[in-house]
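Please look over the chain shown here before reading on. The report that accompanies it is meant to be read with the structure open.

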Amino acid sequence: MGHALYRLRALEKMRQKKKVELKGELEEPETLLEDRRRLERELRQLERRKLNKAPLRGSLLRTYVLHILTRSVFEVGFMMGQFLLYGLGLDPLYKCERSPCPNVVDCFVSRPTEKTVFMLFMLSIAAVSLFL
């Protein structure tokens, strides 16, 4: 975003500088009639056009593509991490065999269906976001 604002400001400065140059050339007394008309036409076009969007090329295009790729890699990474940690659903009962339990203990997950639905919703929204 910062890079895009910087490029917009640079383009606006170039337009202002061009306007000043054109006005300076128009004020010269030895300007020919054909040149004067051409300069006036260029000046009108510069004043008429508003600069709301920067053209997407050069360094701005590279920054945009890098942003999209980075965001996609992070999105896929988090989706894979969630899938590897939890899978697609939670079981209501787990057998706990790790310390500090001395023997096998039943561990119950509270609201496993609600958590499963929420995890599936999160994965589907992340997938839709990734493909848009």
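The report below goes from the whole chain to its helices, its loops and its cysteines.

## Overall layout

This is a predicted model, and the values below were computed from its atoms. The protein chain contains four helices and two strands, and read from the N terminus onward these elements follow the order α-α-α-β-β-α. Of the 132 residues of the chain, 15% count as buried, where buried stands for a relative accessible area under 20%.

The chain exposes about 11200 Å², of which carbon and sulfur atoms supply 62%. When contacts between residues at least 6 apart in sequence are considered, 56% of them join residues that are at least 24 apart.

## Helix α1 and residue K23

Helix α1 covers residues 2-27, and K23 is found within it. With a relative accessibility of 40%, K23 counts as partly exposed, because that value falls between the 20% limit for buried residues and the 50% limit for exposed ones.

Leaving aside residues up to four places away in sequence, K23 touches L43 and E47. K23 can also be placed relative to E40, from which it is 17 residues apart in sequence, while the two C-alpha atoms are 8.5 Å apart in space.

## Helix α3 and the residue that follows it

The 28 residues of α3 should span 40 Å at 1.5 Å a residue, and the end C-alpha atoms of this helix are indeed 40 Å apart, so the expected and modelled lengths agree. Within α3, the residues L60, M79 and Q82 are buried. The helix is followed by G87, a residue whose phi is positive, near 75°.

Q82 lies in α3 and is buried, with a relative accessible area of 15%, a value that meets the criterion because buried means under 20%. Not counting residues up to four places away in sequence, Q82 touches G87, M119, M122 and L123. Among these partners, G87 is the residue with positive phi that follows α3, while M119 and L123 belong to the buried residues of α4.

## Helix α4 and its two faces

Helix α4 comprises the 20 residues 112-131, which at 1.5 Å a residue should span 28 Å; the end C-alpha atoms are 29 Å apart, in agreement with that expectation. The buried residues of this helix are P112, T116, M119, L123 and A126. Seen down the axis of α4, these buried residues fall within an arc of 95°, and they therefore line one face of the helix. They pack against α3, residues 59-86, whereas the face of α4 turned away from the buried side carries the exposed residues T113, E114 and V117.

T116, which has its place in α4, counts as buried at 16% relative accessibility. Its side chain reaches the backbone oxygen of P112 at 2.8 Å, and P112 is itself one of the buried residues of α4. With residues up to four places away in sequence left out, T116 touches L88, G89 and L90.

## Strands and loops

The loop between β1 (93-96) and β2 (105-108) contains P100. The peptide bond that joins S99 and P100 is cis, with omega at about 15°.

R111 is found in the loop between β2 and α4. Although R111 is not a glycine, it has a positive phi of about 50°. R111 is exposed, with a relative accessible area of 59%, and it is classed in this way because exposed means over 50%.

## Cysteines

Why does C107 form no disulfide with C96 in this model? A disulfide is a covalent bond between the sulfur atoms of two cysteines. The closest cysteine sulfur to that of C107 is in C96, at 4.2 Å, which is too far for a bond, because the pair would have to lie within 2.5 Å to be counted as a disulfide. The structure as a whole holds zero disulfides.

As for its surroundings, C107 has a relative accessibility of 30% and therefore counts as partly exposed.

Notes. Residues are numbered from 1 along each chain as its sequence is written. This is a predicted model: local features need pLDDT of at least 70, side-chain atom pairs count only at pLDDT 80 or more; totals for chains, interfaces and linings use all residues. Side-chain values use heavy atoms; hydrogens and water are left out. The expected span of a helix is 1.5 Å times one less than its number of residues. Buried means under 20% relative accessible area, exposed over 50%, partly exposed in between (1.4 Å probe, protein chains only). The arc is that of the directions from the helix axis to the C-beta atoms. Contact means heavy atoms within 4.5 Å. Accessible areas come from the Shrake-Rupley method with a 1.4 Å probe; for residues, only the protein chains shown count as cover. A polar contact is a pair of N or O atoms within 3.5 Å; within protein, one must be able to donate a hydrogen and the other to accept it, and residues adjacent in sequence count only if both atoms are side-chain atoms.
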